[in-house]
Amino acid sequence: MSFTRLLTGSAAFAVAATIANAADMPVKAPALVPVVQQQASGYIELYGGWATTKFRHTLCNPGPVCFQDPFDFDGWALGGAGRGSAWIGSAMSVQLDVQGEGTSYKNDYPFFGGPHISTHSYLIGGHANWRNAQAGLLGVFAGAGDAGGGFGFGSAVRHVVAGGEGQLYWNQFTFYVQGGYDTVVGTPASSHLNASAWFVRGTGRYFLLPNTMLEGTVLYANGEIKYDAGFVPASGPTNGFDTWLWEAKLEHRFATTPFAGFVKYRGSRTEFDPITFGVQSDELKITDHRVLVGVRLFMGQDTLLANDRNGATLDIIDPLSIQTGPLMIGGTQALRP
């Protein structure tokens with residue numbers, strides 16, 4: 001037997017043995033982390049549902065003699081959003097947001113106006129970030145919009161929001177942190193309202209499957225209302241407030257389609273520092289609950305997980321236009337005893 005034939009036969013035997021061993025090895029499940037797809041993508045969504053907003057005025061006269069003056073409003077909410085993301089380099093991406101929501105309430109209190117009142121808000125914003133689809137992102141955001149409604153004054157108030165944000169990706173988990181500053185600009189003279197707030201929010205996402213996601217969010221904001229010279233209550237030229245928001249969402253994308261459905265609960269509460277008019281003080285606490293059901297149409301990503309890691313994974317929650325925030329409930333108008 002020649003050396004060449006011996007070498008050829010040994011190589012063939014080795015290859016055959018390798019193939020046989022590979023065939024006997026257990027097959028591993030595919031990794032949950034999606035393949036990086038650096039492409040333009042996004043989604044549009046529409047949602048609606050039930051809402052209730054509860055005002056609790058604690059009014060105190062000299063003595064002190066205090067009593068609670070409650071007002072409850074039930075209604076229906078309708079909202080939507082469009083978000084698009086694009087990579088502008090191997091490690092940079094940008095995202096554009098357009099979002100809005102309105103609520104129509106039944107009004108049982110004649111001094112608030114007609115049988116129905118409504119509130120509304122919208123925001124246009126953008127994000128720019130350094131991004132690694134296997135690790136996370138770090139970036140900045142900014143936005144501007146209007147918010148207002150029928151609780152205090154009919155005209156909407158313009159505000160701007162800006163800050164920083166980051167995400168961390170770990171297997172099927174996404175951790176999202178965002179913080180910034182929200183402030184009124186161009187205040188209408190009739191509102192006597194100039195509000196601002198610092199805020200921080202945290203969001204956690206868990207993907208049970210690439211197309212099934214659980215999400216939870218908590219936001220805290222601390223701010224103040226500054227009164228103009230024509231409207232300064234006895235308690236001083238400013239009034240502080242604290243806002244909390246909490247959300248829970250379940251979302252599922254239907255296989256082989258670009259559509260996903262979700263159900264979400266959102267709660268929020270704002271507590272204002274006591275404000276004094278004459279000899280009477282008013283401490284206001286507002287709580288809102290809403291249950292929302294919606295649908296999303298995705299473009300450019302195959303799964304919810306792929307969109308989270310490679311597409312439109314960011315959003316903006318601005319505290320002044322949260323349903324219990326000062327712009328939505330009328331600011332100083334709602335604080336008048």
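This report covers the cavity, salt bridges, surface patch and backbone outliers of a predicted model.

## Internal cavity

The structure holds one cavity of 30 Å³ or more. The space in this largest cavity comes to about 680 Å³. Rolling a probe the size of a water molecule over the atoms shows where empty space is left.

A total of 42 residues line the largest cavity. Nearest its centre lie R83, K264, R266, D315 and I316. By class, the lining splits into 17 nonpolar, nine polar and 16 charged residues. Strand β10, residues 238-253, gives the most to this lining, with four residues.

## Salt bridges

Side chains of opposite charge can pair when their charged atoms come close. A search of the whole structure finds 16 salt bridges.

One of them joins the side chains of D146 and R158, at 2.2 Å from N to O. D146 sits in strand β5 (residues 136-149) and R158 in strand β6, so the pair ties together parts that are twelve residues apart in sequence. The two partners differ in burial class: D146 is buried, at 13% relative accessible area, whereas R158 is partly exposed, at 39%. The cut-offs behind these labels are under 20% for buried and over 50% for exposed, with partly exposed in between.

## The K249 network

K249 takes part in a salt bridge with E215 and in another with E251. For E215 and K249, the closest N and O atoms are 3.7 Å apart. This pair links distant parts of the chain: E215 belongs to strand β9 (residues 212-226) and K249 to strand β10, 34 residues apart. For K249 and E251, the closest N and O atoms are 3.4 Å apart.

How accessible is K249? Its relative accessibility is 8%, so K249 counts as buried, the limit being under 20%. E215 is buried too. E251 has a relative accessible area of 1%, so it is buried by that limit as well. Salt bridges that share partners join E45, R205, E215, K249, E251, R296, D308 and R309 into one network.

## Nonpolar surface patch

Which residues form the nonpolar patch on the surface? They are W50, W76, L208, L209, L214, L250, V263, V291 and V293. Together they have about 860 Å² of accessible area. The elements giving two or more residues to the patch are β8 (194-209) and β13 (280-299).

V291 is one member that can be placed in detail. This valine is found in strand β13. Its relative accessible area is 39%, so V291 is partly exposed. That value clears the patch cut-off of over 30% relative accessible area.

## Positive phi angles

Two residues other than glycine have positive phi: N171, near 50°, and T256, near 65°.

Where are they found? N171 is in the loop between β6 (153-170) and β7 (173-184). T256 is in the loop between β10 and β11 (259-272).

Are these residues partly exposed or exposed? N171 is partly exposed, with a relative accessible area of 43%. T256 has 87% relative accessibility, so it counts as exposed, the cut-off being over 50%.

Methods
Residues are numbered from 1 along each chain as its sequence is written. This is a predicted model: local features need pLDDT of at least 70, side-chain atom pairs count only at pLDDT 80 or more; totals for chains, interfaces and linings use all residues. Side-chain values use heavy atoms; hydrogens and water are left out. Patches are made of residues with over 30% relative accessible area and no salt bridge: like charges are joined within 9 Å, nonpolar side chains (Val, Leu, Ile, Met, Phe, Trp, Tyr) within 5 Å. Accessible areas come from the Shrake-Rupley method with a 1.4 Å probe; for residues, only the protein chains shown count as cover. A salt bridge is a side-chain nitrogen of Lys or Arg within 4 Å of a carboxyl oxygen of Asp or Glu. Buried means under 20% relative accessible area, exposed over 50%, partly exposed in between (1.4 Å probe, protein chains only). On a 1 Å grid over the protein atoms alone, a cavity is a set of points where a 1.4 Å probe fits but cannot get out, and a pocket is an open set with protein on both sides within 12 Å along at least five of seven lines; lining residues have an atom within 4 Å of a point. Grid points are joined across faces, edges and corners, and a volume is the space filled by probe spheres set on the points. Ala, Val, Leu, Ile, Met, Phe, Trp, Tyr, Cys and Pro count as nonpolar, Asp, Glu, Lys and Arg as charged, and the others, Gly among them, as polar.
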